[in-house]
Structures are given as structure tokens and as C-alpha cells.
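Take a look at the protein shown here, and keep its sequence at hand while reading. The report below goes from a single residue to the whole chain, then to its interior and to one of its pockets.

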Amino acid sequence: MKLTKVEAVSSSAVEFPKILKDHYCADKFEVSSIERLNEGGSKAVYKVSLRRKEGENFLYTPGDSISLICSNAEDDVSWLLDHTDLEGSSPDQSLLIEREQTKKSNPGLPLNVCISPRLLMRHFLELHSPASRRTLNLLVNHFKSDTCPTSRVQKALLHQLVGREGAPLYNRWIRDNNLTVMDLIATFDACHPTVTALLDLFPSLRPRPYSLVNECTVCTGDDHQQLVFVYTRVDFCATEDLGTVEGVTFRRYQRPHGTCTGWLEDLRKKLTGSSSKVDLLVRPRENMNKFRHPSVDISSKENAPLILIAAGTGIAPFISFLQYRRRQRQQVRRFPCNTLNLRQSSVIR
């Protein structure tokens with residue numbers, strides 16, 4: 001992806017909701033409920049029920065999944081804005097981003113649209129992506145002043161890390177610790193990349209896939225399609241500084257949750273804290289590995305056992321399998337469906 005031009009334009013030119021919806025080819029769903037399925041466990045597990053608001057119904061089979069169009073946490077975006085050189089612009093000033101369309105262009109960013117730095121960071125950049133040597137090469141050019149002692153020390157270490165002789169140092173402090181781009185910006189805090197540089201530093205924010213729990217049913221009349229999925233909230237503990245090298249302290253950016261599960265957690269709080277409706281964007285996802293219920297007519301067999309192995313919320317597609325078999329059982333009442341519980345667990349209804 002090559003950025004060719006960034007110009008300030010009037011904020012009235014921004015039609016962001018339409019840009020987001022059209023870019024991802026997504027449909028709007030209303031969040032009906034978000035329920036916690038376990039209490040007191042080490043990980044919080046939730047069931048989310050969605051209700052279609054517009055567009056045609058999805059057609060899917062047991063084992064299929066959807067993609068959620070999520071966004072980064074507002075705290076992460078605000079922190080990054082404080083560490084970005086906005087070149088005199090406001091975080092909410094609309095920018096016209098133009099870039100060349102080539103075979104290697106990243107399709108994750110919309111072409112030739114007006115968008116503010118805040119919305120760009122929140123909805124289109126994968127802020128917690130892994131760091132690489134290329135990240136260091138990009139950061140080294142964005143120190144505001146070489147006269148500041150902190151800038152000189154940090155810039156010298158960056159040059160050392162990107163050099164051939166700095167490979168052991170890079171492996172020890174960055175690769176082995178799985179540092180992200182945000183971690184490096186927190187470590188080299190005298191570096192303030194521009195908005196243009198952020199488009200090279202961060203890859204595009206990817207939609208998150210979730211397996212559907214409920215079986216696809218036909219909606220008639222005024223009925224609206226319902227989609228149900230489950231997720232485990234990803235939590236991060238606060239960590240101490242990793243250590244100091246050449247006067248620079250390596251540290252991690254502190255965040256409480258994963259990108260998508262943290263976003264879903266914010267939606268849950270909005271849903272429980274007020275009577276206002278909460279919407280999100282969803283699009284169907286191609287079943288790349290063809291993980292589906294066997295296509296054979298199992299109703300024609302007296303015994304058609306299935307061995308289902310999964311961990312945690314990985315059981316989600318299996319629940320739709322069991323619903324499918326239950327419906328066939330009700331229709332033909334011929335084959336049994338026995339479930340073996342290997343350990344005690346909550347039952348998702």
C-alpha cells in the first residue's frame with residue numbers, strides 16, 4: 001500500500017457509517033442480549049444473540065461462521081493519538097486519503113475517502129499487531145528532535161536493533177517477548193510517527209470470525225433472522241517493565257482485554273447500562289475448511305454416531321450440529337443422539 005496524498009477537507013464530507021458498511025459489505029444487526037454462561041470461572045464466557053435489522057437473511061449450515069466488524073478500544077485510540085504527530089491537525093479533522101491501487105495494495109483500507117485520524121485508528125488499523133524489524137526501520141525516522149537526550153538515546157538503540165550486529169539484541173528483547181507495535185511506541189516514547197506513517201506501521205484491522213451456535217431457520221412475515229454465537233473474553237494482566245538496555249526501558253502497553261472481546265464487553269455494558277439499542281455490523285464468512293455436519297442423510301440410518309472433540313467455546317459449531325440432529329430426530333424419530341460428558345460444564349441452551 002502506498003499513500004500518495006493527505007489533505008485536510010471539511011468534516012461535512014465524512015459519511016462514516018456508510019463508508020464502514022459499504023467497505024466491509026456488511027449488514028446491520030441489533031444486539032438482542034449478551035448473557036454470561038458461567039460464574040466464578042477463570043474465564044468469562046458469554047452468549048450473544050443478534051437480530052437482523054435490514055437486508056436479506058443469511059443462508060448457512062451447521063459449522064458455518066460469521067465475521068464481526070469490530071473496532072479498537074477508545075482508550076487505545078486516545079493513547080495512540082497522544083503519541084502521534086498530527087502535524088497541526090485535530091484528531092477529529094477529516095483527511096482525504098488517496099493511494100495508488102496496485103496488485104500489492106492492502107484492501108483493508110477504503111480508497112479515496114474522507115476520514116479523521118481518530119476514526120482511522122479506531123476502525124481500520126490493527127493496533128496490537130506483532131512488531132518486526134520493519135517496524136523499527138519505520139520508527140527510527142520519526143523522532144521530533146535530535147537535541148533531546150532521550151531522543152538521541154532511543155534513536156541510537158533503534159539503529160542498533162535494525163543493524164546486523166543487533167540481531168541477538170532484537171531476538172532477546174523484541175521477538176522472544178512477542179512485543180507489539182504499541183509496545184514499541186510505549187518503549188520508544190520520544191518517537192511520534194505521523195498519521196501517514198501509521199498506515200505503514202499497522203496492518204488493517206481484520207473482521208473477527210465466530211462460529212454460529214443456532215441452526216439456520218426460515219423467517220416468514222415480520223420475523224427477523226436471529227444469529228447466536230458464544231465467545232470467551234480475553235483478559236490481560238498488568239505486567240512490569242521487561243528490563244533496560246542502553247538506557248532504554250522496554251515496557252508493554254497495558255490493556256485489559258483482547259481487541260474484539262474488549263469491544264464486545266463495551267457493547268455488553270452499554271446494553272445493560274441503558275435502554276438504548278446497540279447495533280453492530282456482520283457479514284457471512286466463507287467456510288474455508290468445509291467444516292460442516294456430514295451431508296449424508298443420517299435420518300436414513302438407525303445409528304449415526306458423531307465424535308465431537310473441542311475445548312472451551314470451540315464447542316460452538318457442535319451445538320448447531322446437535323440442534324440439526326435433534327430436528328431430524330423429531331422428524332423421523334429413528335436415530336439416537338447420545339452425548340458423553342467428559343467433565344462437568346455449563347449447558348448452553
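A residue is called buried when its relative accessible area is under 20%, exposed when that area is over 50%, and partly exposed in between. The model discussed here is predicted, and the values that follow are computed from it.

**One residue as a starting point**

Is T196 buried, exposed or partly exposed? Because its relative accessibility is 31%, T196 counts as partly exposed. This threonine belongs to helix α8, which covers residues 195-201. Although T196 and P117 are 79 residues apart along the chain, their C-alpha atoms are separated by 9.8 Å.

**The chain as a whole**

The protein contains 10 helices and 11 strands, and of its 349 residues 45% are buried. Among the contacts with a separation of 6 or more, 76% are between residues that lie 24 or more positions apart. The surface that the protein exposes amounts to about 19,300 Å², of which carbon and sulfur atoms supply 49%.

**The nonpolar cores**

The largest nonpolar core is made of 49 residues, and those with the most contacts inside it are L80, L125, I174, F188, F202 and F250. Helix α7, which spans residues 181-187, gives the most to this core, namely five residues. If residues up to four places away in sequence are not counted, L80 touches M121, L127, M182, I185, L198 and F202. Separate from the largest core is a second one of 24 residues, which includes I66, L264, V278 and V282.

**The second largest pocket**

The second largest pocket holds about 560 Å³ of space. It is lined by 24 residues, and the closest of these to the pocket centre are L20, S71, H123, W263 and D279. By type, the lining divides as the table shows.

| Type of lining residue | Number in the second largest pocket |
|---|---|
| Nonpolar | 11 residues |
| Polar | five residues |
| Charged | eight residues |

Which elements each supply at least two residues of this lining? They are the helices α1 (16-24), α3 (117-123) and α9 (259-273), together with the strand β11 (279-285). The largest share comes from α9, which provides six residues of the lining.

How values were computed: Residues numbered from 1 in each chain as written. Predicted model: local features only at pLDDT ≥ 70, side-chain atom pairs only at ≥ 80, totals over all residues. Heavy atoms only, no water. Core = buried A, V, L, I, M, F, W, Y, C linked by side-chain atoms within 4.5 Å. Buried < 20%, exposed > 50% of the residue type's maximum accessible area, 1.4 Å probe, protein only. Helix = DSSP H or I, 4+ residues; strand = E, 2+ residues; numbered from the N terminus. Contact = heavy atoms within 4.5 Å. Areas by Shrake-Rupley, 256 points an atom, 1.4 Å probe, with all protein chains shown as cover. 1 Å grid on protein atoms, 1.4 Å probe; cavity = no way out; pocket = protein on both sides within 12 Å on 5 of 7 lines; lining within 4 Å. Points joined across faces, edges and corners; volume = space filled by probe spheres on them. Nonpolar A, V, L, I, M, F, W, Y, C, P; charged D, E, K, R; others polar.
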